[in-house]
Amino acid sequence: MKTVLITGASRGIGRATALEFAKNGWQVAVNYNKSETAAKELCDEIAGLGGCAKVYQADVSDCDAVCRMINQVAAEFGDIDVLVNNAGIALTQGLFTDFADSDARRIFDTNVFGMMNCTRAIVPHFVNKKSGKIINLSSVWGIAGGSCEVIYSASKAAVIGFTKALAKELAPSGICVNCVAPGFIDTDMNAHLSKADIEAFCEDVPLGRIGKAQEVAESICFLASEDASYITGQVLSVDGGLV
Ligand code: NAD
């Protein structure tokens, strides 16, 4: 049985992705930072489906904690086949010039350094066995740039640059690195938006609606599957045609 490690998996896209992998017969390592109860409930739900999942606490921005987690997952599941760097934060929207330096650093610590910490810790495992897949969560704003989301957009653009470069570096070792760029997805990350805000946004989406976490999860599972064995260094937009 193959094993996937998903960061920030206690809710939203990470949670939907964990369930989708489990339904496809994968063992799931559910990383969480603070939401232990939600992470354990997810594992119970997966067990109820006949699957296998365990929780692993780590703040992805903490390099030492990430190394401990990856070694623990590899020891307990025997191996790791796929890493999904899903954990991410957006913080508040606002003008770039009003953004506190500390908030900008928090966003980069999670969205960029968190992804790099997990990737750096797992690459030696993948290189040793000459296989493995890394799937990173970027965003439509990382491609197009979003007004009043400048720092978040910059962090998600960094995810794309990292993905494309690392894909070339690791291809000779048989490792694929791709990213998914969701558009506007119905998760807690967007819970602060009003119904009117959402309706206004949907007018710009060619498919005319916001996306579901499940729809992103299915794209991630596709990139993890054998059907995507010749795909690396790509950005798969899941945005209803927005970009
Ligand atoms: P969410 O806020 O519902 O979930 C994010 C998860 O990451 C949470 O479980 C959170 O606890 C976890 N997390 C945050 N910081 C962490 C840390 N330091 N260590 C470990 N876990 C941490 O958001 P979501 O919508 O499910 O987003 C998932 C990913 O998709 C993020 O990278 C986000 O930027 C990206 N994304 C989301 C949307 C959207 O519209 N929802 C659009 C584009 C991209």
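This report describes one helix pair and the enclosed and open spaces of a predicted model.

Helix H1, spanning residues 12-23, packs with helix H2, spanning residues 36-48, at an angle of about 25°, and their axes lie 10 Å apart. Because angles under 35 degrees count as roughly parallel, H1 is roughly parallel to H2. The crossing in which H1 passes H2 is right-handed, and the contact is formed by Arg15, Ala18, Leu19 and Ala22 on the H1 side, with Leu42, Glu45 and Ile46 on the H2 side. By class, this contact of H1 with H2 comprises five nonpolar and two charged residues, with no polar ones.

The volumes and lining classes of the spaces are set out below.

| Space | Volume | Nonpolar residues | Polar residues | Charged residues |
|---|---|---|---|---|
| Largest cavity | about 30 Å³ | six | two | one |
| Largest pocket | about 1,400 Å³ | 19 | 20 | nine |
| Second largest pocket | about 160 Å³ | three | four | five |

The structure holds one cavity of 30 Å³ or more, and the largest cavity is lined by Ala90, Thr92, Gly94, Phe99, Cys148, Glu149, Val150, Ile151 and Tyr152.

Of the 48 residues that line the largest pocket, Arg11, Gly88, Ile89, Ala90 and Met189 lie nearest its centre. At least two lining residues of this pocket come from each of H1, strand E2 (27-32), helix H4 (101-129), helix H5 (140-144), helix H6 (150-170) and helix H7 (195-202).

The lining of the second largest pocket consists of Lys2, Asp81, Val82, Lys129, Ser131, Gly132, Lys133, Gly174, Cys176, Ala224, Glu226 and Ser229.

Technical notes:
Residues are numbered from 1 along each chain as its sequence is written. This is a predicted model: local features need pLDDT of at least 70, side-chain atom pairs count only at pLDDT 80 or more; totals for chains, interfaces and linings use all residues. Side-chain values use heavy atoms; hydrogens and water are left out. Axes are lines fitted to C-alpha atoms, for helices over the stretch in contact, and angles run from 0 to 180 degrees between N-to-C directions. Helices (H or I, at least four residues) and strands (E, at least two) are DSSP runs, numbered from the N terminus. Angles under 35 degrees count as roughly parallel, over 145 as roughly antiparallel, 65 to 115 as roughly perpendicular and the rest as oblique. A crossing is left-handed if the near helix is turned anticlockwise from the far one by less than a right angle, and right-handed if clockwise. Contact means heavy atoms within 4.5 Å. Ala, Val, Leu, Ile, Met, Phe, Trp, Tyr, Cys and Pro count as nonpolar, Asp, Glu, Lys and Arg as charged, and the others, Gly among them, as polar. On a 1 Å grid over the protein atoms alone, a cavity is a set of points where a 1.4 Å probe fits but cannot get out, and a pocket is an open set with protein on both sides within 12 Å along at least five of seven lines; lining residues have an atom within 4 Å of a point. Grid points are joined across faces, edges and corners, and a volume is the space filled by probe spheres set on the points.
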